[in-house]
Amino acid sequence: MSGTLRRKIVVSIWCFCCLLAVALLPPQGRAKDPVEFKPFKLKTLDGTKRTLSDYANKVTLVSFFYPRCPYCSVALPEVQKIYDRYKDKGLSVVWINVLPEENKLIPKWMEQHNLTIPVLIGASQASLQRSYELIATPTDYLLGEKGEVLFYHSGYKKGDEKILEAKIAAALNIAP
């Protein structure tokens, strides 16, 4: 084996080990799970004003997303299915777009994915990140009937929808 090839192999193994070590480190600087959900005043796509109090006295899932987010395009159709199963049992769901420059993409994105959950717009990305500790999309907040945070989850991987559905079922006091 030539010296150059040996060096390349050693460097490749070293890089792989470094990446693996970084991946296994606990996240740094992540905020603890929030216990309060800040009230909002936003608009629907047709301009109707909505506030958090519009969803009072119901178990409510608030999900933050943006249309071009690849994880959102996988996760939110799953949330739609959960909503369809539990909407008549007391579940309310609303999605909030975190990228105002993508507001115009929402109707087509919803049509492509057969989504009917209301979408709210009207806040800047920075204010949403600050107010709701957004570090990834989608970010889900499951709120109890009094607005308390029952469950918080950031990001998406396959199977997260099962955990979310179990939390929703428990909040509604029904079996999934």
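**Exercise 1. In which hand does α2 pass α5, and which residues meet?**

Solution. α2 passes α5 in a right-handed crossing; a crossing is right-handed if the near helix is turned clockwise from the far one by less than a right angle, and left-handed if anticlockwise. This is a predicted model, in which local features need pLDDT of at least 70 and side-chain atom pairs count only at pLDDT 80 or more, while totals for chains, interfaces and linings use all residues. Residues are numbered from 1 along each chain as its sequence is written, and side-chain values use heavy atoms, with hydrogens and water left out.

Step 1: locate the helices. α2 covers residues 70-86 and α5 covers residues 160-171. Helices (H or I, at least four residues) and strands (E, at least two) are DSSP runs, numbered from the N terminus.

Step 2: take the axes. They come within 10 Å and cross at roughly 25°. Axes are lines fitted to C-alpha atoms, for helices over the stretch in contact, and angles run from 0 to 180 degrees between N-to-C directions.

Step 3: classify the angle. α2 and α5 are therefore roughly parallel to each other, given that angles under 35 degrees count as roughly parallel, over 145 as roughly antiparallel, 65 to 115 as roughly perpendicular and the rest as oblique.

Step 4: list the contacts (heavy atoms within 4.5 Å). On the α2 side these are E78, V79, I82, R85 and Y86; they meet E161, L164, E165, I168 and A169 in α5. By class, this contact has six nonpolar, no polar and four charged residues. Ala, Val, Leu, Ile, Met, Phe, Trp, Tyr, Cys and Pro count as nonpolar, Asp, Glu, Lys and Arg as charged, and the others, Gly among them, as polar.

**Exercise 2. How many disulfides does the model have, and are C69 and C72 buried or exposed?**

Solution. Step 1: apply the rule that a disulfide is a pair of cysteine sulfur atoms within 2.5 Å. The count comes to zero.

Step 2: check accessibility. Buried means under 20% relative accessible area, exposed over 50%, and partly exposed in between (1.4 Å probe, protein chains only). C69, at 1%, is buried, and C72 is buried at 0%.

**Exercise 3. Where does H113 lie, and which residues does H113 touch?**

Solution. Step 1: H113 lies in the loop between α3 (106-112) and β5 (119-121).

Step 2: the relative accessible area of H113 is 25%, so H113 is partly exposed.

Step 3: leaving out residues up to four places away in sequence, H113 touches S73 and P77. H113 and L76 are 37 residues apart in sequence, with 8.8 Å between their C-alpha atoms.

**Exercise 4. Where is the cis peptide bond, and what is the phi of N57 and of E133?**

Solution. Step 1: most residues other than glycine have a negative phi, and most peptide bonds are trans.

Step 2: T137 and P138 are joined by a cis peptide bond with omega about -5°. P138 is in the loop between α4 (125-132) and β6 (139-143).

Step 3: E133 is also placed in the loop between α4 and β6. Its phi is positive, near 50°, and E133 is partly exposed at 31%.

Step 4: N57 has a positive phi of about 65°. N57 sits in the loop between β2 (49-51) and β3 (59-65) and is exposed, at 62%.
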